[in-house]
Protein chains: 2
Amino acid sequence: MRTQEVQHPARVVPLAFLIAILIGTAVLMLPVAHAQATGAPWIVALFTAVSAVCVTGLVTVDTGTYWSPFGQWVILVLFQIGGFGMMTAATLLGLMVNRSLRLRTRLTMQAETHTLGLGDVTSVAKLVFVVTLVVELLVALALIFRLRSAYALPWPDAVWSGVFHAISAFNNAGFSIHADGLVRYASDAFILSPIMLAIVIGGLGLPVLHDLRNKLGDPHHWSVHTKLTLLGSAVLLVGGALILLVFEWANPRTLGPMSIADKVLSAVFASVSARTAGFNAIDIGGLTHESLGLHYLLMFIGGGSAGTAGGVKVGTAMILMLLVIAEIRGRMDTEAFGRRISQSSQRQAITVLVLGSAVVVLGTVFVLHTTDIATDKVIFEVISAFGTVGLSTGITADLPASAQLMLALLMYIGRVGTITLAASLALGEHRMPYRYPEEHPVVG
Amino acid sequence: MRTQEVQHPARVVPLAFLIAILIGTAVLMLPVAHAQATGAPWIVALFTAVSAVCVTGLVTVDTGTYWSPFGQWVILVLFQIGGFGMMTAATLLGLMVNRSLRLRTRLTMQAETHTLGLGDVTSVAKLVFVVTLVVELLVALALIFRLRSAYALPWPDAVWSGVFHAISAFNNAGFSIHADGLVRYASDAFILSPIMLAIVIGGLGLPVLHDLRNKLGDPHHWSVHTKLTLLGSAVLLVGGALILLVFEWANPRTLGPMSIADKVLSAVFASVSARTAGFNAIDIGGLTHESLGLHYLLMFIGGGSAGTAGGVKVGTAMILMLLVIAEIRGRMDTEAFGRRISQSSQRQAITVLVLGSAVVVLGTVFVLHTTDIATDKVIFEVISAFGTVGLSTGITADLPASAQLMLALLMYIGRVGTITLAASLALGEHRMPYRYPEEHPVVG
Ligand SMILES: [K+]
Ligand SMILES: [K+]
């Protein structure tokens with residue numbers, strides 16, 4: 001029992017990420033990875049490795065000029081491994097939990113539903129591999145074609161930029177080889193659209209992609225998880241874009257000078273990107289206070305479970321919302337689409353919310369204690385790190401080392417998952433053969 | 001069934017508070033309430049009435065100089081009614097819920113525990129009345145004695161100040177007749193201690209006071225609610241004071257110039273006061289960013305249920321923490337002190353947290369949209385209003401009318417309670433004779 005506990009897959013994931021980060025740090029410290037061939041300081045290499053493996057995209061140095069082509073390749077490989085690894089691992093963990101639940105459910109003779117009917121380990125990895133390859137290839141081709149035809153980039157530059165940004169987009173990594181992100185393409189729908197597509201597909205998560213691939217024309221048989229994630233994503237995407245349009249319409253530092261079509265394009269892109277991808281086509285530092293506040297929310301929620309997205313996840317937010325609705329309406333069950341949400345799912349959702357909030361609050365207070373930077377910018381950077389978003393108001397590079405290490409820790413916690421991490425640190429399960437009598441404490 | 005729904009007591013509370021606010025506004029608009037006898041503008045009168053009835057203490061004008069003695073009496077009566085009304089109403093609502101739960105529990109033959117064994121409506125009101133009168137009287141006497149002996153105030157001034165601040169403290173109202181709050185008494189333990197005592201007793205809530213009165217020497221038979229509230233309050237009080245000491249120790253605008261004894265006194269008082277009372281003995285505008293962040297948390301959590309305190313309540317926070325611990329440790333039940341917390345209590349706690357967070361986020365974004373004030377100050381004011389705390393960084397008086405009305409709305413929502421309000425606005429319960437099949441969506 002003891003040895004089994006140690007080898008439990010939920011404990012393997014935090015360890016695997018840690019090893020990838022350490023290897024990445026070591027490689028990035030090699031002189032060959034640095035543009036000046038002098039070898040990067042350990043804190044720069046560590047921060048970059050964490051940011052890449054955790055597909056965040058926060059940087060303390062400019063990716064395109066600080067690192068050599070080799071260094072940029074290393075970063076690319078790190079975020080591809082990070083994205084692929086998490087997508088596979090999270091799906092497998094989900095499958096395991098689900099299988100044991102399904103078994104238990106069958107024994108108690110209740111209804112059975114297939115959230116994930118994905119088969120075994122190999123086929124999950126295969127599916128992730130195929131989806132990754134196909135999406136990245138198509139998006140890279142689209143970007144290369146556009147960069148050649150509209151910007152007349154030389155072939156090597158176009159290919160490198162196309163491949164880098166396609167992989168970065170699908171993995172929701174948010175790394176760009178340009179210091180200003182994608183601001184130079186802010187009005188180019190032929191660049192931004194393929195990138196948005198890659199972001200959204202990667203960010204929906206494998207359970208949703210699996211349902212879409214196998215039962216695209218049969219929405220009635222989609223799992224509740226798929227329906228919740230798609231509905232929530234659509235609401236957040238459209239709602240976020242509309243609110244940003246309202247808040248930024250006349251802001252001279254962002255949407256103000258743009259044509260109406262460009263305003264809409266930029267708002268949609270910002271809304272898509274805020275929920276974890278982290279590319280910016282407008283200047284984040286120029287956003288109004290209220291748009292920053294909206295970003296807090298979008299970045300904290302993030303994308304779909306078991307995908308390349310971060311945050312507490314759309315499914316979690318939807319379950320919490322359904323729970324609140326049920327409580328307000330006085331319903332006994334939390335329901336969605338003709339199913340009731342299991343107690344264990346609800347309790348997980350709450351745990352994710354509470355732990356996530358606690359991490360953000362503690363991280364914010366810690367960083368505030370190390371600097372004199374305005375609170376709204378610190379909150380932004382902390383949520384961006386925790387949500388593995390990578391958007392920045394521009395303060396990260398100037399933070400003291402202790403604050404940068406805190407951001408690195410937040411990226412790691414955010415990516416590995418608060419529950420996974422907490423569970424793997426906990427002292428292990430204490431099963432008891434009895435239950436305590438029930439009590440109804442006062443609430444609110 | 002229809003008529004019964006309309007008259008449900010949970011719907012009476014929001015209405016009663018609304019009526020008290022409207023009457024208070026009308027009276028405060030009378031010329032006799034105004035120091036210059038010209039009649040206050042409606043927005044000033046409304047904001048003050050809401051702040052008083054909802055025992056918050058946020059003000060747009062200086063209580064001691066803007067209002068006439070009559071006006072100050074009106075404010076005193078309003079927050080006494082608000083505190084007494086909420087304490088009684090919340091206890092009665094809790095009793096009802098508990099009684100129906102207990103009945104249900106008995107029918108299903110599970111264990112029975114007495115959270116509230118308070119008897120009928122009259123005896124609840126009587127208990128609230130006695131506790132209120134005794135505490136307010138003793139604290140007022142202590143304050144008057146000190147103001148006479150140490151400050152040589154004339155009798156009328158000493159009595160008025162003592163009575164006003166005693167009632168304000170017990171009701172966690174936070175109103176003061178001094179423009180700078182209690183800064184002038186920042187190093188006087190004989191003034192601050194009785195006030196802290198009144199704050200804490202009023203803020204624990206009636207269920208806790210009832211347990212303490214009837215079973216003071218028998219902690220084993222305290223309800224889980226009492227144990228959770230006392231433990232949580234102690235941890236927040238001590239922890240808050242310690243963290244404030246660390247963050248403010250050398251701050252020249254707050255604790256920096258004080259002696260060590262005064263630093264400790266001020267930190268303890270600030271920690272007690274932040275969780276809903278809203279008196280300030282140090283300058284809130286001079287706090288460090290990280291101390292403001294700590295205040296967000298303390299103000300949001302607030303005090304005990306069914307008392308004069310606001311916030312989401314200590315009991316709620318404790319239940320959520322226990323739930324998270326249970327989830328991390330892989331326990332089936334959420335447990336505390338040898339009892340398991342009922343599913344319904346857990347679901348209520350989550351609802352309070354989610355609705356409270358949503359209200360704070362929406363309120364913040366709204367106020368940010370109306371002004372150019374720094375985000376950290378806006379968040380502070382919004383949480384202070386929602387938690388009916390009344391501490392201020394000093395921005396409230398300068399906010400545009402729309403933002404002031406939003407703060408008034410937040411005070412009302414915070415005081416009446418998100419769940420009570422949401423439930424009374426909901427379309428009524430739809431009971432269905434069947435349950436949907438269960439599903440386990442992916443989380444996190
Ligand atoms: K990212
Ligand atoms: K107050």
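**A:T388 is buried, with a relative accessible area of 0%.** This view, like the others, is drawn from a predicted model. A:T388 gives its O atom to the potassium ion (ligand 1). The other protein donors are A:V55, A:T56, A:N172, A:T276, A:A277 and A:V389, again through their O atoms. These donors lie 2.5 to 2.9 Å from the ion. Along the sequence, the donor residues are spaced V-T-x115-N-x103-T-A-x110-T-V. Take two of them, A:T276 and A:T388. A:T276 belongs to helix α11 (residues 260–277) of chain A, while A:T388 sits in the loop between α15 (375–386) and α16 (401–416) of that chain. The pair therefore ties together parts that are 112 residues apart in sequence. A:T276 has 0% relative accessibility, so this residue counts as buried, since the cut-off for buried is under 20%.

**The potassium ion (ligand 2) has protein donors in chain B.** Its donors are the O atoms of B:V55, B:T56, B:N172, B:T276, B:A277, B:T388 and B:V389. Their distances from the ion run from 2.5 to 2.9 Å. Read along the chain, the donors follow the spacing V-T-x115-N-x103-T-A-x110-T-V. B:N172 and B:T388 link distant parts of the chain, 216 residues apart. B:N172 is in the loop between α7 and α8 (189–204) of chain B, and B:T388 is in the loop between α15 (375–386) and α16 (401–416). Both ends of this link can be checked for burial. B:N172 is buried because its relative accessibility is 1%. B:T388 is buried too, at 0% relative accessibility.

**B:V55 has a positive phi, near 40 degrees, and is not a glycine.** Most residues other than glycine have a negative phi. B:V55 is found in the loop between α3 (42–53) and α4 (63–66) of chain B. Its relative accessible area is 0%, so B:V55 is buried. B:V55 is also one of the donors of the potassium ion (ligand 2), through its O atom.

**A:F337 has a positive phi of about 50 degrees, although this residue is not a glycine.** Look for A:F337 in the loop between β1 (335–336) and β2 (339–341) of chain A. Its relative accessibility is 42%, so A:F337 counts as partly exposed. That label covers values between 20% and 50%.

**A:F79 and A:F164 form an aromatic pair, one of 14 counted over all chains.** The ring centres are 5.6 Å apart. The planes stand at 90 degrees, so the pair is edge-to-face. Over 60 degrees is the cut-off for that label. A:F79 lies in helix α5 (residues 69–107) and A:F164 in helix α7 (residues 155–170) of chain A, so the pair ties together parts 85 residues apart in sequence. Both A:F79 and A:F164 are buried. They also belong to one aromatic cluster, with A:W73, A:W160 and A:F175.

**B:W73 and B:W160 form a tilted aromatic pair.** The distance is 5.0 Å centre to centre, with 40 degrees between the planes. B:W73 lies in helix α5 (residues 69–107) of chain B, and B:W160 lies in helix α7 (residues 155–170) of that chain. The pair therefore ties together parts 87 residues apart in sequence. B:W73 has a relative accessible area of 45%, so this residue is partly exposed.

**In chain A, the charged end of A:K263 sits over the ring of A:W249.** The distance to the ring centre is 4.7 Å. Now turn to chain B. There, B:K263 lies over the face of B:W249, at 4.7 Å from the ring centre.

**Helices α7(B) and α8(B) cross at roughly 35 degrees.** Their axes come within 7 Å. From α7(B), the residues in contact are B:H165, B:A169 and B:F170. They meet B:I195, B:A198, B:I199, B:I201 and B:G202 in α8(B). The contact residues divide into 6 nonpolar, 2 polar and no charged.

**Chain A as a whole has 17 helices and 3 strands.** Of its 444 residues, 59% count as buried. Consider the contacts in chain A with a separation of 6 or more: 69% of them come from residues 24 or more positions apart.

Methods:
Residues numbered from 1 in each chain as written. Chains lettered and ligands numbered in written order. Predicted model: local features only at pLDDT ≥ 70, side-chain atom pairs only at ≥ 80, totals over all residues. Heavy atoms only, no water. Phe/Tyr/Trp six-rings, centres within 6.5 Å; stacked < 30°, edge-to-face > 60°. Helix = DSSP H or I, 4+ residues; strand = E, 2+ residues; numbered from the N terminus. Buried < 20%, exposed > 50% of the residue type's maximum accessible area, 1.4 Å probe, protein only. Lys NZ or Arg CZ within 6 Å of the ring centre and 35° of its normal. Donors = N, O, S within 2.8 Å, 3.2 Å for Na, K, Ca; no water. Axes fitted to C-alpha atoms, helices over the stretch in contact; angles between N-to-C directions. Contact = heavy atoms within 4.5 Å. Nonpolar A, V, L, I, M, F, W, Y, C, P; charged D, E, K, R; others polar.
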